[in-house]
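Reader: I'm new to this one, could you walk me through it slowly?
Author: Gladly; have a look at it first, and then ask whatever comes to mind.
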Amino acid sequence: MASSILQVESIVKRAAQQAGFELAGIAPAADSPELQSFPEWIAAGHAGEMKYMEARDEQGSLKRASLSRVAPWARSVVVCAINYNTDHPYSTEVQDPDRGWISRYAWSREDYHGAVLRRLQQVEAALHEAVEESAPQLITRSYVDTGPIVERVFAKYAGVGWIGKNTCIINQKIGSWLFLGVILTSLDLTPDVPAPDRCGTCTRCIEACPTDAILAPYQLDANRCISYLTIEKRGSIPEELRAGIGRHVFGCDICQDVCPWNRKAPATSAPEFSAREGLVNPALDWLAEMSAEGFRETFRGSPIRRAKRSGLRRNAVLAMGNSGNGQFLQLLKELVIDEDESVAESAIWAMERLRNLL
Ligand code: SF4
Ligand code: SF4
């Protein structure tokens with residue numbers, strides 16, 4: 001006998017749990033007020049050089065602004081979330097002038113896209129199996145970051161969590177260290193209740209952001225965000241933001257580290273997300289001097305490849321400048337004539353910055 005729609009929802013959520021997702025919910029594939037402001041955010045230039053955010057359809061409309069336009073067949077969105085937190089201290093709890101900071105999500109050996117997609121495809125398969133008789137024409141698409149969809153907006157409407165003032169999805173029980181995956185489906189499933197906003201009067205993330213990237217609650221300017229600057233931005237980083245970058249060499253966790261909802265965030269049980277040795281508080285000189293071969297070897301399959309060797313070395317040089325550790329002066333002096341222009345130029349800045357701090 002074919003499954004009823006209600007059963008399908010339970011089957012999907014059970015499949016998500018079996019695949020290792022802590023959270024799963026269903027959102028309508030509808031446009032929402034959050035998406036209405038997306039074109040405005042893009043027009044203001046807040047996406048920086050992240051051109052994929054600006055992908056447009058043949059009519060010239062932003063794909064991510066309207067799911068009903070890019071996937072008119074979609075009726076529901078299954079949103080799954082998996083916790084990637086580990087039991088290491090937060091960046092705000094560690095101060096070591098020799099060492100940099102890599103964002104928590106990038107400590108694992110394997111790129112999370114593959115690890116999450118594999119699990120998501122198990123859920124997708126369970127969905128197909130559940131309705132193969134009643135809905136043989138079922139269409140589904142699974143995405144981890146790559147779909148024409150702002151995942152966190154649908155995560156909110158699927159009840160997975162609310163969108164915090166730091167723009168991350170926060171779950172009341174497990175916090176915000178979450179990877180999201182979405183399955184668009186042509187099935188009309190009963191949606192979950194959207195998660196209520198529990199930020200209240202708190203403004204910790206806004207106050208803690210070292211580069212003032214959270215312009216107003218729920219409003220991020222990627223151009224000022226350390227995550228964007230250290231991962232996506234190529235070439236030179238604007239001088240006025242370099243001091244604020246501190247010791248970050250890949251991403252930034254500060255606005256999540258200070259969030260009260262992460263105070264008791266549990267550690268993940270997914271083996272793929274365990275931290276690799278050397279990536280928690282990495283040595284800055286190791287990164288700044290890394291050869292092309294060393295970069296390839298060390299970061300094979302890792303999300304850190306996205307910054308490219310050039311970006312990672314540039315970031316390590318800036319972090320040395322901000323470190324206050326005079327022992328880096330010698331290495332910086334050598335890097336002033338580095339063949340990579342952005343590394344060399346950053347080294348000049350870093351030497352001056354370091355001398356001012358000493
Ligand atoms: S990730 Fe860092 S720089 Fe970006 S908004 Fe959060 S605290 Fe600010
Ligand atoms: S730090 Fe406070 S305001 Fe920021 S996301 Fe967390 S609860 Fe919301």
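Author: Before we talk about domains, note that the domain bounds used here come from an automatic or database domain assignment, and that this is a predicted model.
Reader: Okay, so where does ligand 2 lie with respect to domain 1 and domain 2?
Author: Ligand 2 lies between them, because domain 1 (5-87 + 108-185) and domain 2 (204-357) both give residues to the shell around it. Among the residues around ligand 2 are G164, K165 and N166, as well as R204, C205 and W261.
Reader: And how does that shell around ligand 2 divide by class?
Author: The shell around ligand 2 has seven nonpolar, three polar and two charged residues.
Reader: What about the shell around ligand 1, by class?
Author: For ligand 1 the classes are nine nonpolar, three polar and no charged residues. The residues around ligand 1 include N166, C209, C225, I226, C252 and C255, and the elements that give two or more residues to this shell are α8 (226-232) and α10 (254-257).
Reader: Switching topic, which residues of α5 are buried?
Author: In α5 the buried ones are Y112, A115, V116, R119, L120, V123, E124, L127 and A130. An α-helix has 3.6 residues a turn, so residues three or four places apart point the same way.
Reader: Last thing, is A288 buried or exposed?
Author: A288, which sits in helix α11 (residues 284-288), is buried, because 28 other C-beta atoms lie within 10 Å and 20 or more count as buried. Leaving out residues up to four places away in sequence, A288 touches R313, A316, V317, M320, L331 and L335.

Terms used: Residues are numbered from 1 along each chain as its sequence is written. Chains are lettered from A and ligands numbered from 1 in the order in which they are written. This is a predicted model: local features need pLDDT of at least 70, side-chain atom pairs count only at pLDDT 80 or more; totals for chains, interfaces and linings use all residues. A residue is near a molecule or strand if its C-beta atom, placed from the backbone, lies within 6 Å of it. Ala, Val, Leu, Ile, Met, Phe, Trp, Tyr, Cys and Pro count as nonpolar, Asp, Glu, Lys and Arg as charged, and the others, Gly among them, as polar. A residue is buried if 20 or more other C-beta atoms lie within 10 Å of its own, exposed if 12 or fewer, and partly exposed in between; C-beta atoms are placed from the backbone. Helices (H or I, at least four residues) and strands (E, at least two) are DSSP runs, numbered from the N terminus. Two residues are in contact if their C-beta atoms, placed from the backbone, lie within 7 Å.
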